[in-house]
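Q: I would like a close look at one part of this model. Please start from a single side chain and work outwards.

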Amino acid sequence: MRVVVLTGAGISAESGVPTFRDADGLWEGHRVEDVATPQAFRRDPETVHRFYDARRAALASVEPNPAHEALAALERALGDDLLLVTQNIDDLHERGGSTDVLHMHGRLRSALCAACDARVGWDGPLLGAPPCAACGADALRPDVVWFGEVPLGMERIQRAVARCEVFCSIGTSGAVYPAAGFVQYAAAYGAHTVELNLVPSEGTAHFAEARHGPASRLVPAWVAEITTG
Ligand code: APR
């Protein structure tokens with residue numbers, strides 16, 4: 001069975017990573033325009049670096065939860081028939097055991113050179129970072145997709161969504177496109193669509209099936225169902 005899973009901040013919430021749009025979410029304490037746009041980075045790179053440096057450092061104190069681990073088990077069961085797409089920039093899917101994760105909004109533990117596009121694994125702060133090792137420019141930025149930028153891996157995602165038999169969206173509010181539109185695309189190509197989220201998302205009406213509750217409970221149960229047929 002070909003399956004596409006899309007995850008959002010809700011899957012990491014029980015691990016202690018804040019979501020964006022819930023009460024106390026990241027967008028309550030920060031303005032998107034100040035920290036998550038290319039314009040913000042041009043205007044005030046220090047503030048943007050501090051925001052992502054703090055989030056990168058916080059990864060050291062969180063652990064994957066049973067929802068991440070269940071999706072790793074799904075990968076072991078389905079192999080290449082699973083595409084796991086995440087909007088998350090944390091590394092909890094990988095630490096939960098998934099080996100092929102498409103981070104469509106980039107990754108915290110990576111730096112991107114704005115001058116030559118080289119990517120390099122990054123664990124410390126980017127504020128005060130040395131020049132790019134590949135081209136020498138003083139242009140390293142967080143390797144994340146900001147508002148107004150194009151998400152990564154869209155061709156691979158579109159191919160897999162069009163071919164899948166099951167599309168499952170987990171822990172995402174359905175507020176941000178293009179990810180919020182995948183469900184309609186999958187349904188148009190004949191997939192069964194499932195939402196697993198704490199509460200009904202903005203797009204809940206587009207799903208054939210919706211289950212509401214914490215990801216740590218819903219995801220292992222759903223994975224057990226589809227792997228045992
Ligand atoms: N289990 C399941 N779902 C949960 C849980 C939980 N324990 N806790 C919260 N949720 C749900 C919330 O109800 C909400 O619908 O997760 C969703 C999180 O929504 P957002 O905060 O909007 O996060 P996300 O959908 O991933 O945001 C998309 O927006 O700002 C950007 O680039 C950022 O990738 C992010 C994108």
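Leaving aside its neighbours within four places in sequence, which residues is histidine 49 in contact with?

A: This is a predicted model. Apart from neighbours within four places in sequence, histidine 49 contacts Phe41, Leu126, Leu127, Leu140, Arg141 and Pro142. Is histidine 49 buried or exposed? Histidine 49 has a relative accessible area of 7%. The cut-off for buried is under 20%, so histidine 49 counts as buried.

Now the element around it. Histidine 49 sits in helix 5, which covers residues 45-58. Helix 5 lies across strand 4 and strand 6. Against strand 6, helix 5 runs at about 55 degrees.

Next, the sheet under the helix. Strands 5, 4 and 6 form an open sheet, in the order 5-4-6. Their pairing is antiparallel. Strand 5 (119-121) and strand 6 (140-144) are the edge strands, and each pairs on one side only. On average, neighbouring strands of this sheet are turned by 45 degrees against each other, direction ignored. The numbering of strand 6 links back to the histidine: Leu140, Arg141 and Pro142, three of the contacts of histidine 49, fall within strand 6.

What joins strand 4 to strand 5? Strand 4 spans residues 106-113 and pairs with strand 5 over three bridges. The sense is antiparallel. One facing pair is leucine 112 and arginine 119, the latter in strand 5. In general, strands of a sheet pair through backbone hydrogen bonds.

Follow the chain out of helix 5. Proline 64 is in the loop between helix 5 and helix 6 (66-78). Proline 64 has a relative accessible area of 16%. That value is under the 20% cut-off, so proline 64 is buried too. Which residues cover it? Not counting residues up to four places away in sequence, proline 64 touches Ser15, Glu69, Leu92, Arg95 and Gly96. Arginine 76 is 12 residues from proline 64 along the chain, and their C-alpha atoms are separated by 17 Å.

Then another set of strands. Strand 7 covers residues 166-170. Five of its five residues are buried, so strand 7 is largely enclosed by the rest of the structure. Val166, Cys168 and Ile170 point one way from the strand. Phe167 and Ser169 point the other way. In a regular strand, side chains alternate between the two faces of the sheet.

Strand 7 has two parallel partners here. Strand 1 (residues 3-7) is joined to strand 7 by five bridges and runs parallel to it. Valine 3 stands opposite valine 166 in that pair. Strand 8 (residues 192-197) is also joined to strand 7 by five bridges, again parallel. There, cysteine 168 faces valine 194.

Last, the ligand. How many residues surround the ligand? The number is 23, and the closest are Phe20, Arg21, Trp27, Thr172 and Ser173. Serine 173 places a polar side-chain atom 2.6 Å from an oxygen atom of the ligand. Histidine 105 places a polar side-chain atom 2.8 Å from a ligand oxygen atom. Alanine 215 uses its backbone: an N or O atom there lies 2.8 Å from a nitrogen atom of the ligand. Taken alone, the ligand exposes 740 Å², and the protein buries 93% of that.

Definitions and conventions
Residues numbered from 1 in each chain as written. Predicted model: local features only at pLDDT ≥ 70, side-chain atom pairs only at ≥ 80, totals over all residues. Heavy atoms only, no water. Pairing = 2+ DSSP bridges. Helix = DSSP H or I, 4+ residues; strand = E, 2+ residues; numbered from the N terminus. Axes fitted to C-alpha atoms, helices over the stretch in contact; angles between N-to-C directions. Contact = heavy atoms within 4.5 Å. Buried < 20%, exposed > 50% of the residue type's maximum accessible area, 1.4 Å probe, protein only. Near = heavy atom within 4 Å. Polar contact = N/O pair within 3.5 Å; in protein donor to acceptor, adjacent residues only side chain to side chain. Areas by Shrake-Rupley, 256 points an atom, 1.4 Å probe, with all protein chains shown as cover.
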